[in-house]
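Work through the exercises below with the structure open beside you. Try each task before reading its solution.

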2 protein chains.
Amino acid sequence: MSLCPSLPAENVRYVEQLLAKCHALGLVIKGESSEAVTHIAVTLQPMRIPREEFTALAQLQTLWNEMVDNTARNFEFVRDALRDTAESDAGFTGKLVEMLEKVYLGDEPYQHLMLGIFRTDYMHDSRPCEGNEETCVSQWKNVEINTISCSFAGLSPVVTNFHSHVMAYLRLLQGASPWVKNNITNGNDYGYGKNISVADLTEDHTSMLEESISGRAVPEALAAAVQAWTYQQQFDSVRAHYQRKAMLTPSGTEGEMSNLFTSPVVLFVTQEFERNTADQYALSSELLETHGILSIFRTLRELHKTMQLCDNAITGQPPLALVDGRHPVAVVYFRSTYAPADFPTEEFWNTRLALERSSAIKCPSVPHHLACRSTLEDPPFKKMQQLLCDVERVLIPVAFKGNKEKALQLRRHFMSQHSLNPNEVGAAKVEEIIQKVLERPEQFVLKPQREGGGNLLSGSRMVEALKVTKERDLNTYNKIRREYIVMSRICYPVQTGSILARGGVVQLEKNMCSEVGIFGTILSGSKGTCNKDSGSGEVLLNAFSGYTVRSKPANVDDGGVIAGVAALDSLLLV
Amino acid sequence: MSLCPSLPAENVRYVEQLLAKCHALGLVIKGESSEAVTHIAVTLQPMRIPREEFTALAQLQTLWNEMVDNTARNFEFVRDALRDTAESDAGFTGKLVEMLEKVYLGDEPYQHLMLGIFRTDYMHDSRPCEGNEETCVSQWKNVEINTISCSFAGLSPVVTNFHSHVMAYLRLLQGASPWVKNNITNGNDYGYGKNISVADLTEDHTSMLEESISGRAVPEALAAAVQAWTYQQQFDSVRAHYQRKAMLTPSGTEGEMSNLFTSPVVLFVTQEFERNTADQYALSSELLETHGILSIFRTLRELHKTMQLCDNAITGQPPLALVDGRHPVAVVYFRSTYAPADFPTEEFWNTRLALERSSAIKCPSVPHHLACRSTLEDPPFKKMQQLLCDVERVLIPVAFKGNKEKALQLRRHFMSQHSLNPNEVGAAKVEEIIQKVLERPEQFVLKPQREGGGNLLSGSRMVEALKVTKERDLNTYNKIRREYIVMSRICYPVQTGSILARGGVVQLEKNMCSEVGIFGTILSGSKGTCNKDSGSGEVLLNAFSGYTVRSKPANVDDGGVIAGVAALDSLLLV
């Protein structure tokens with residue numbers, strides 16, 4: 001907290017106004033008790049980004065969507081790719097792969113339609129950009145692509161409103177307060193980052209604030225899936241079938257018949273003690289108010305007791321998932337089940353399997369979930385990340401079905417990886433790379449290539465490992481060259497900025513870094529009945545769906561927005 | 001809490017969705033800690049009111065504004081009217097009357113411009129309406145008119161959004177849930193009240209929801225006052241004057257000159273531990289975002305240390321109020337100072353007086369504050385209520401400057417009062433009234449006429465008092481006839497409805513009553529300099545400014561929305 005000491009009352013009042021605006025906009029997270037909420041951590045100034053670069057990243061998103069969808073729908077590829085991982089991580093990857101085999105490689109009909117709500121996260125590599133715009137765009141390096149439970153589509157649009165308010169507020173206070181002066185520095189010269197220039201305040205630059213469309217676009221995708229399901233499942237006939245059945249049972253009275261089921265719902269599968277509920281309810285609210293679609297929120301524990309699978313009235317379709325005996329589930333939207341802790345007992349896995357087997361469209365399906373590309377150390381994702389980096393053998397043929405041009409467009413956003421195996425690239429090339437790493441060790445890491453192949457090495461431990469000679473320790477020398485690859489680190493810019501967190505303002509002096517997440521939605525599969533031989537690759541929707549930015553102290557590795565470490569942010573296009 | 005026992009998980013989920021919507025809309029109040037907020041109490045269904053009646057009440061509001069403004073500006077009348085009260089309630093009324101004399105009946109120039117943000121509260125008298133529409137409208141009986149710190153102008157518009165959401169939600173759940181069925185009853189036949197009919201849900205009646213304009217109209221009035229002040233005070237010249245002065249002092253450096261003062265601000269004078277901050281910040285936010293006007297929030301305690309009165313650079317004007325040495329105060333908006341507890345020491349009164357003496361436009365000024373008509377038992381307001389009921393001697397000549405027609409339009413909304421003094425109305429009339437009261441005691445109260453004249457009598461105690469005969473107790477018999485008047489009680493309808501309060505849903509079975517508050521704003525006085533002889537009655541703005549509805553259990557007398565007893569409500573025009 002670096003507030004101006006000479007104006008104690010006023011500084012508290014500044015912060016109060018900022019907090020009040022968060023509360024007015026619903027930028028909140030659940031607190032300890034069920035009623036109370038606190039503000040979510042948020043920056044006080046938007047992040048600057050050149051308009052062309054933002055547009056380019058937005059346009060690129062449909063390719064990421066396509067990459068995941070194509071890879072996922074190659075069920076045999078996913079199964080084979082994860083065979084080793086499934087063995088070494090039997091409790092999680094193993095269970096998911098088992099589900100893939102049971103549902104998608106078995107004999108029963110399954111739901112071909114799959115909905116993806118993905119988020120591709122980038123950081124900017126600030127090494128000087130060499131000339132043409134294409135190169136500049138490609139300096140946005142992919143950190144990971146998330147295919148399950150991508151947060152902040154609901155709340156991100158609101159951050160623009162918050163920043164617009166803060167800018168108007170600072171504009172009026174401008175110059176009159178040392179605290180404000182401390183928060184205004186000259187804009188830097190390369191257009192990125194956190195600094196708000198005096199010009200941003202003097203003139204009204206709020207029109208350059210880019211509101212994320214995720215609050216509308218993500219529910220739109222969910223709504224499109226509900227519609228596709230209702231058509232595919234011939235829901236009116238199904239409902240009529242069950243009405244007739246109910247009329248034959250003694251408990252049914254004629255007056256109640258028309259209301260046996262609600263209209264098809266989106267089932268949000270949530271974690272037990274979820275705090276980021278505001279973000280989820282923002283999507284649910286939009287579904288209700290704009291699309292007239294009901295959402296219900298349930299944990300796996302609740303579903304175990306209240307969900308049933310009903311034989312489908314239409315032949316050849318997977319069973320209907322029905323919650324509380326009256327909510328037919330059109331879409332299952334997972335905001336949980338991405339971590340081992342979400343499955344404390346076997347019952348939870350059974351419920352997860354029942355959902356996968358049902359006729360509901362899953363978001364994500366198990367194949368979409370597994371086809372994730374992530375730098376996270378979680379086993380399946382690390383493996384996929386590695387495979388998708390293999391342009392010739394995986395990215396082009398599997399992820400883009402042979403379309404090299406598309407594959408190379410994405411490839412530019414991967415951090416470069418270099419083999420250290422002389423058999424693959426030649427001894428001279430290996431020594432050249434090692435020299436490069438030893439000159440600038442801060443720009444690289446050593447990454448194990450295989451399951452159980454050891455830990456990531458960086459800094460002095462990496463330098464030490466690379467300096468080992470054949471003569472000194474042949475074993476280690478060979479191990480390094482066989483089992484590790486060199487990966488470039490993203491040299492992201494470190495900025496100065498302020499965040500509102502835990503009820504106070506925290507100044508980050510040259511200590512803030514930002515990650516831009518681009519949302520994408522894809523709905524693919526066959527609209528027809530789910531026979532084994534029905535087409536499965538039709539793309540009904542593939543779209544850029546908004547963005548989110550999270551900024552955090554550059555010197556802190558762990559902790560997200562909900563933990564109060566990172567803060568929600570917005571974009572200002574320059 | 002009357003939720004359906006057979007569906008435990010789902011009921012909790014219903015409530016969660018409602019709470020989430022409150023949080024998303026900023027329908028919150030401050031909790032114990034500075035960061036946490038909880039939802040504000042709110043009903044689950046709007047209140048029905050015939051469109052013509054709402055329109056009539058809206059149109060009437062300018063007359064209430066006029067009544068208060070005319071009465072208040074007759075400073076001698078207010079002083080004389082409150083002379084007795086000021087004596088018996090020296091600590092509060094006495095202090096305010098003293099301020100009235102010092103500032104408005106003294107020799108110094110004072111600010112002629114006054115801003116009123118009033119709220120006229122009504123309840124509906126449900127005794128059968130006799131024919132023409134005019135009579136129906138007049139069944140809306142005035143409970144009180146508030147002239148200071150009228151709450152909920154900021155939050156009320158949002159309740160319409162909340163009700164629209166709840167209606168859409170219930171529409172989708174309709175029929176499928178016993179809990180919902182319990183919340184839907186047939187609309188009653190006279191058009192008022194809480195019940196939502198099945199038709200309201202089946203068809204989309206959200207277009208009949210009337211969003212209160214108070215969130216825009218009240219800040220508009222504050223902005224109009226800032227503009228009038230800036231013009232009247234020739235603020236640019238004043239600022240230039242102080243810039244020049246500052247340049248002569250050694251601490252001033254030329255570069256900082258242009259930022260010596262912020263633009264003129266609205267000063268919100270708040271209570272020490274205010275919980276209803278969301279309502280206040282909603283107005284401040286609108287001032288900032290729509291009008292580009294800065295608001296600052298201060299308690300009297302803070303102002304005592306940080307506010308100074310500066311000799312005005314323009315001759316003949318009261319002194320400029322300056323906060324923190326750089327916020328020139330154009331308008332003081334009191335959201336406190338209405339209760340004795342707001343003034344723990346003499347210093348607080350001194351600060352209040354300094355504000356009244358300053359050039360800032362007060363909302364309300366001491367005269368506006370004192371000219372309140374209220375049934376509250378607070379001394380000055382009770383006295384004014386009584387005086388303004390005197391149509392011939394006060395309402396027509398003072399409040400409406402002789403305009404009988406206007407006076408009678410308002411008079412219809414007063415509850416009838418009857419003298420028991422045989423000298424005033426004749427013995428026969430007195431006995432007739434007493435008979436009426438004894439027949440239906442629940443419809444009347446006995447009200448003391450004078451200061452310190454005893455307590456309100458109702459029910460069996462009233463009946464007992466009226467049955468006293470001359471023979472049995474001459475003293476009491478005479479006292480009743482000299483010191484009390486009979487006042488009709490409002491027979492408001494008692495409805496069935498639900499409110500969301502303290503994190504749960506409370507069903508009120510034939511136990512909910514509602515009070516409709518109509519906001520009005522008036523800006524009056526002379527735009528010229530504040531010489532003693534400048535005109536003071538010019539009306540620059542006089543407008544209806546939205547509404548608020550509060551509903552509460554009919555069997556609970558005390559407790560407002562912030563206490564969690566009453567709940568914010570909205571109107572559905574039928």
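The exercises cover the chain contact, the relation of the copies, and one annotated domain. The model is predicted.

**Exercise 1. Size the interface between chain A and chain B.**

Solution.
- Start with the residues in contact: chain A brings 54 and chain B brings 54.
- Turn to area. A common way to give the size of an interface is the accessible area lost when the parts come together.
- Here chain A and chain B bury about 4,200 Å² between them. Carbon and sulfur atoms give 55% of that area.
- Now find the main contributors. Arg13(A), Glu35(A) and Leu172(A) supply 16% of the area that chain A buries against chain B, more than any other three residues.

**Exercise 2. Describe the polar and charged links across the interface of chain A and chain B.**

Solution.
- Side chains of opposite charge can pair when their charged atoms come close.
- With a cut-off of 4 Å from nitrogen to carboxyl oxygen, 4 salt bridges cross the interface.
- Arg13(B) and Glu302(A) form a salt bridge through their side chains, at 2.7 Å from N to O.
- Polar contacts across the interface of chain A and chain B come to 15 residue pairs, both residues at pLDDT 80 or more.

**Exercise 3. Which elements of chain A give two or more residues to the side that touches chain B?**

Solution.
- The helices are α1 (8–25), α7 (156–173) and α12 (277–291) of chain A.
- The strands are β1 (28–30), β2 (37–39) and β9 (295–299) of chain A.
- α1(A) gives the most, with 11 residues.
- By class, this side of chain A holds 19 nonpolar, 21 polar and 14 charged residues.

**Exercise 4. Work out how chain A and chain B are related.**

Solution.
- Superpose them. A turn of 180° and a shift of 0.1 Å along the axis lay chain A on chain B with an RMSD of 0.1 Å.
- The two copies are thus related as by a two-fold rotation axis.
- Compare the contact residues. The copies meet through the same surface, because 100% of the interface residues of chain A are also interface residues in chain B.

**Exercise 5. Locate the annotated domain in chain A, then place the salt bridge of Arg298(A) and Asp324(A).**

Solution.
- An unreviewed UniProt entry lists "domain: Glutathione synthase substrate-binding" at residues 265–371 of chain A.
- That span is 36% helix and 28% strand, and its end C-alpha atoms lie 26 Å apart.
- The structure holds 38 salt bridges over all chains.
- The side chains of Arg298(A) and Asp324(A) meet in a salt bridge at 2.7 Å, N to O.
- Arg298(A) sits in strand β9 of chain A, and Asp324(A) in the loop between β11 (320–323) and β12 (327–334) of chain A. The pair links distant parts of the chain, 26 residues apart.

Definitions and conventions
Residues numbered from 1 in each chain as written. Chains lettered and ligands numbered in written order. Predicted model: local features only at pLDDT ≥ 70, side-chain atom pairs only at ≥ 80, totals over all residues. Heavy atoms only, no water. Contact = heavy atoms within 4.5 Å. Buried area = accessible area lost by both parts, 1.4 Å probe. Polar contact = N/O pair within 3.5 Å; in protein donor to acceptor, adjacent residues only side chain to side chain. Helix = DSSP H or I, 4+ residues; strand = E, 2+ residues; numbered from the N terminus. Nonpolar A, V, L, I, M, F, W, Y, C, P; charged D, E, K, R; others polar. UniProt positions renumbered as here; feature names shortened; annotations may be inferred. Least-squares fit on C-alpha atoms with pLDDT ≥ 70 in both.
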